[in-house]
Every structure is written in structure tokens, then in C-alpha cells.
Amino acid sequence: MTRAKTKASQIKAWKKDIAGLTYEEATQALDLILAELQSDSVPIADLQDRVLHGEVVLDHCEALLRSVEQSVLQLDPDSLIETSSLTDPNNPTELNNA
Amino acid sequence: MTLSADRIPTYSVGELNTAIGSLLERGFAPRFLLEATVSRPQVKKGHLWLTLTDGTASVSGVVWASRLSQLSYRPSDGDGVTVVGKLNFWAARASITVQALDIRPSLSTVLRQFEQVRQRLEEQGVINPGRQRSLPTQPTTLALLTSVPSSALADMLRTGRERWPMTRLLVIPIPVQGPVADQIINVLNRLAERCDALAVDGLVLARGGGSREDLAVFDDEALCRCLAQFPRPVVTGIGHEDDLTIADLVADHRAATPTAAMVACLPDRDSAERSLQNRRQRMKDLVGWRITRDRQRLNDRRSLLAQQSPLKRLRQLQDDLHQKRDLLRALSPSRWLQRGLALLTNDAGEALSAVTSIKVGDRIMVQMNDGELETDVQVIRPASDQSKS
């Protein structure tokens, strides 16, 4: 396997690892990488890899921030079971002043 | 009954009462608002009877049982109220009663209840700024208790989407006006039990603007105790900025409006983006500094190594040797001999530095710059004799 292919598969693995992370978890992972870089614990040979890993996490954080879809669920007040998803909250069919 | 301009009308009692009723029906507004204080309210056979007074005048009032169950507020003795009413005239007894279609507490009544509840809850430590919990910085899930649909909800959802779309919002419809405290309490209790299951990190209790009287349910003592015990931080956004309810006082954070409540609960996406940019720059800087510093260390080691090379060391030893040789030459007696001075020694080879160690007839060796000579001492003149002569 060439060096470029190894790198690509490594990036793919990192992306898979962080795919399920929340923004808070992802920023914590990013801060850990920054702390490692700051503490000199990363060997020079691994420096580029670690920075690449940090970039992947940063891209994930930015992608989360750019997302515009918000999960809004309406629950039944008696059962607290989901009754509907408020898909168009800007245009409620009926408004009252409350 | 006969009516004529020439004659004083004559009625039977029934006719008179009917005529009064007819006059009232024609000449009086079918609905009116009446500002009054409630006196001696009492329920008889399901109907609420009361006296409405302004201190000097009074009139009887009634809320029929069918209407009483629909009232959002049940007045107590001494409460200031606004009554939506109509006149009932009973011809049989010619009595007038205000039939109340709706009764709302006046502002003074609402504020009096607010003060009474506040005092009780403060005394019991339920209202205590010291027990306010901090809000989650990046909540995963927020529960929104408000009226659905409502402009308040639309504002909150828009604010949520603009600020932090990653937080899941659970909207739980509640009534927000009238005698609905029990309904809200039931929802709060159910939600409290399922906070973990629903992963709720915080609760927003919100209601759009209205009169202060409309917000009275949020002064309900039981409701506010329930809010104070809710297992997650509670944020209130009730009414307008100037409106303060007991719910606001027991909440962990009071926001002025529903929109402000969402702002308090959710991080700002723009500032988070700036923070990420700062981190990206910091990562680049850290790597740059690390490489620069390691390169500097490498250079330092290279020069240290160069200083330790055998050739350099040999040259240094040679330089040291030259210096010592020069020093030795500088200290050698031959320099003095070259300048015309001589070194005297006796037979034993001991250096002579004073005439007192020499006697007449002694043989002494004289070492000069270009050779030696031996001589016998014939005369000794100590320095004191020379100074005399």
C-alpha cells in the first residue's frame, strides 16, 4: 500500500471514529490533541499525523455548526410520547398571543 | 294598564315590574365591564353568589353553576375583580343582579397574591438565589413547555435554529392562562420522572406577553414548588421584561422573554465558529513553534558537537601549550641574563642573593648570558658601606 493510500485510509478511520461525536465531545477531542501538541509529548515523526487528525476533528466541528436542521419534536403532555415533528416552525397554522 | 298623557299611569305590581324589565332591556348595554371588590362570596346549590361593591355602592352578583366551572379564576372575599357581566332583572321581585359571565382578578389582587406567595416561599427557602443551578453550556436536549401553537413558540424555535441547531428541542404543549396550574404541575411531574430517558438537560417554561393578570398562574404556589424541585435547571421566559412572577423567582435563570430564555440556554453558533478558527490557528502555530524550536535545538547540538571534534580539541590543546610556553619563557632567568644581569651560585650550586652569605676567599660561579666564569672573592662591600663611601 502506498503512503498516500495509507494516509487516506487513516483519515477515513478518523472520520468514522468521530462521526457520532456531539459538538461538545468533538471539541474535547480537539482540545486533547492541542494539549498533546503543546506539551511536546508528540514525537516529531508523528507531528504531521496528529495535526491531520486535529484538522479532521475541526472539520467535523465546523460541519456540525453549519448544520441548519434542528430536531424539534412535539410530545403529548399526558404521555410524553412524540406526537409530531415541527417541520415548519416559522409558519404555524394558528397563533395565539400566549 | 292604560297609558295616556292626561292620566297618571296605573300598574299592577306585575305590570310595573315588567315595564321596568322592558325599559332595562331596551336601554341598558347587553354586556358591560364592572370594576369592583368582591364581598361575601358563597356557593349555593352550585351557583356562586357574591356582592360587588366599590366601598359606597353595592350590587348583587351571581355566577351560574354552568359558567362557574369554566371560570379561570375563583374570587375570594376582598379580591379586586373585573367582571364581564349582564343585568338580570327578576320581574317577580323587581330585583337586579349582575350575572357574571367572566371574572378576572384585578392587578391589585394578582400582586397581592404574588407578594403573599413570595413571602411564604422566601421564608421556607424555596426562593433563594443561593440554590440556583448553573445552566448546561451545550445542552443535548431542551424541553420547552409553552402554548402550542403560539408566537412565543415560533420565536423560540427560530432562535434555537439560529443559535444552536445541534440541541434537540422537545416541545410539550401546556395551557398558560387561567386555572391551569394543576395541568402544568402534572406535566412537570411526568417530565421530571422521564428526564433521564429523554436525555433532558434543561427546561424552558415560556409564555408570550399579556397583561400581568394573565400571568397569574405562574404565581401559583404549588406550581412554583414543583418548579423549584425539578431535577434539571429551569429557565423562565414569561411575559415581557417588566413582568416578574413567582416562577421567575424560583427558576435557576430568569429570562425577560421566551426568546431571551433560548438565548440563555443555547450557545452562540457565531462565537463557536470563531473559537474553532482560533483553535485551527493555534494548532498551526503550535506545530510551527515546535518545528522552529526543535530546529534551534538541533543547531545548538550541532555546534556543541562541532566543539567536541578531535581536530578542534587538538588545536585547543596546542593553543594551551603555546600559552604555557610563552608564560614559561616570560618567567625564565635567561631573559634577565640577556639584559646584562648575572646569576651567582656558590660551590654547592646554591643561588647567592646577598653579600652576607659570602666570605672573602669564597669561590663563586657567575652565569651570564653567553657562558659562565668562576671567580674568587677578594673584597666584600655591603650596601651600607657603599652608601657611606
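## Close-ups of chains A and B in a predicted model

**View 1. Chain A, a chain with three helices and two strands.** This is a predicted model, and the chain is easy to walk through: going along the sequence, you pass α-α-α-β-β. Chain A has 98 residues, and 32% of them count as buried. If you look at its contacts with a separation of 6 or more, 54% come from residues 24 or more positions apart.

**View 2. Chain B, with its twelve helices and 13 strands.** Here we have 389 residues, of which 37% count as buried. Take the contacts in chain B between residues at least 6 apart in sequence, and 62% of them turn out to join residues at least 24 apart.

**View 3. Where chain B and chain A touch.** On the chain B side 48 residues are in contact, and they touch 45 residues of chain A. Putting the two chains together buries about 4,300 Å² between them, with carbon and sulfur atoms giving 58% of that area.

**View 4. Polar contacts, and the parts of chain B that touch chain A.** Between the two chains there are 14 residue pairs in polar contact, counting pairs with both residues at pLDDT 80 or more. On the chain B side, the elements that each give two or more residues are helix H4 (151–163), strand E7 (168–173), helix H5 (181–193) and helix H9 (269–307). H9(B) gives the most, with 15 residues. Sort the residues on this side of chain B by type and you get 24 nonpolar, nine polar and 15 charged.

**View 5. A salt bridge between B:Arg280 and A:Glu62.** Zoom in on these two side chains and you'll find them meeting at 3.1 Å, N to O. The full count of salt bridges between chain B and chain A is five.

**View 6. Strands pairing across the two chains.** Strand E1 of chain A (residues 72–75) is joined to E7(B) by three bridges, and the two strands run parallel. For a single pair to pick out, try A:Leu73, whose bridge partner in E7(B) is B:Leu170. Strand E7 (168–173) is also one of the elements giving two or more residues to the side of chain B that touches chain A.

Methods
Residues numbered from 1 in each chain as written. Chains lettered and ligands numbered in written order. Predicted model: local features only at pLDDT ≥ 70, side-chain atom pairs only at ≥ 80, totals over all residues. Heavy atoms only, no water. Contact = heavy atoms within 4.5 Å. Buried area = accessible area lost by both parts, 1.4 Å probe. Salt bridge = Lys/Arg side-chain N within 4 Å of Asp/Glu carboxyl O. Polar contact = N/O pair within 3.5 Å; in protein donor to acceptor, adjacent residues only side chain to side chain. Helix = DSSP H or I, 4+ residues; strand = E, 2+ residues; numbered from the N terminus. Nonpolar A, V, L, I, M, F, W, Y, C, P; charged D, E, K, R; others polar. Pairing = 2+ DSSP bridges. Buried < 20%, exposed > 50% of the residue type's maximum accessible area, 1.4 Å probe, protein only.
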